[in-house]
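Student: Could you take me through one small part of this model in close detail? I would like to see how the pieces there sit relative to one another.

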Amino acid sequence: MHQLQKYIWLINTIHSAGKISYKDLSAKWEDNKDLSDNKPLPRATFNRWIDAIFSQFGIIISCQRANGYLYYIENSESLNENGIKKWMIDTFAVNNVIRDSMVLKDRILVDSIPSGHKWLLVILHAMRTDKALNIIYHTYHESVSRSFLIEPYCIKLFQNRWYMLGYDAQTDRLLTYALDRMEDVCITDISFTPLKSFNANDYFENYFGVVTDSEVKPIYIVIRAYKRHKHYLMSLPLHHSQKLLHNNAEYAEFELYLAPTYDFVMKLLQAGAMVEVIKPQSLRLQIKNWISDMVELYELD
């Protein structure tokens, strides 16, 4: 982990600078006493790290020889896109910042995340070796746990929970399982061949989160966000398809293309009166019916 922190420091330092000389890099490294012990960065070590960073992250650190031998990230676009590479680097970077600020530990607050990461290593190993998993799973709507065989296809992090998408041969369906509801996970000797046509990004392309439903088709949706909430949606889009259609002092309208499954409807309701569905009318009426049901809960007050 300590060595990875050094790699992440180097990536972030070069990426933030755009272009930087070895001399300035070494000076910044020496100033970071927690990693460097106030020692300069040896040239041979720097060269080894460049090779290791390419090997582990696929990030190319190149040197511009003109105007002073400046180092830069050749494929920096990979750090600006959503994906596992950016997520890993951002996570390590935040970890480094917090670790360096432990003197402020009583003033840094984080949410408690449901357990589930303990199964990640087992699931990833099964995915690498194409081995089926036997899992003991306890859903919220069942009183007892069930054991069954699953072929793991991909994992997804969504709203602070880890999920696994797997193929269930008994139902001939791809199903999503929350890792924090798994009571046990074991790799079996049963091999499987993943569908060649399967692509994890494509599978979730038209969904808000992890709830998928083949009967709910993707549609164009227009929502209106009022006052301050419009800025929130501009900085943190609900979906990768989100586009700004109109913006004024009172509200902003956005268009999205996705399947309005249960979790997306819940996300809209969380915003209360700050978000309004403009179209389609079917989704607008669905939201209205949910709101009416909520009103009935408080009618006697």
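Tutor: Happily! Let's start with a polar contact (a pair of N or O atoms within 3.5 Å; within protein, one must be able to donate a hydrogen and the other to accept it, and residues adjacent in sequence count only if both atoms are side-chain atoms): the backbone oxygen of Glu205 lies 3.0 Å from a polar atom of the His239 side chain. Please keep in mind that this is a predicted model, where local features need pLDDT of at least 70, side-chain atom pairs count only at pLDDT 80 or more, and totals for chains, interfaces and linings use all residues. Residues are numbered from 1 along each chain as its sequence is written, and side-chain values use heavy atoms, with hydrogens and water left out.

His239 belongs to the loop between helix H8 (228-235) and strand E10 (243-247); helices (H or I, at least four residues) and strands (E, at least two) are DSSP runs, numbered from the N terminus. With a relative accessible area of 6%, His239 is buried (under 20%; exposed is over 50%, partly exposed in between, with a 1.4 Å probe and protein chains only). Beyond its neighbours within four places in sequence, His239 is in contact with Glu205, Asn206, Tyr207, Phe208, Leu256, Tyr257 and Leu258, contact meaning heavy atoms within 4.5 Å.

Now to Asn206, in the loop between helix H7 (200-204) and strand E9 (219-226). Asn206 is partly exposed, at 24% relative accessible area. Setting aside neighbours within four places in sequence, Asn206 touches Pro218, His239, Tyr257, Leu258 and Ala259, by the contact criterion. Lys217 is 11 residues from Asn206 in sequence, and their C-alpha atoms are 8.6 Å apart.
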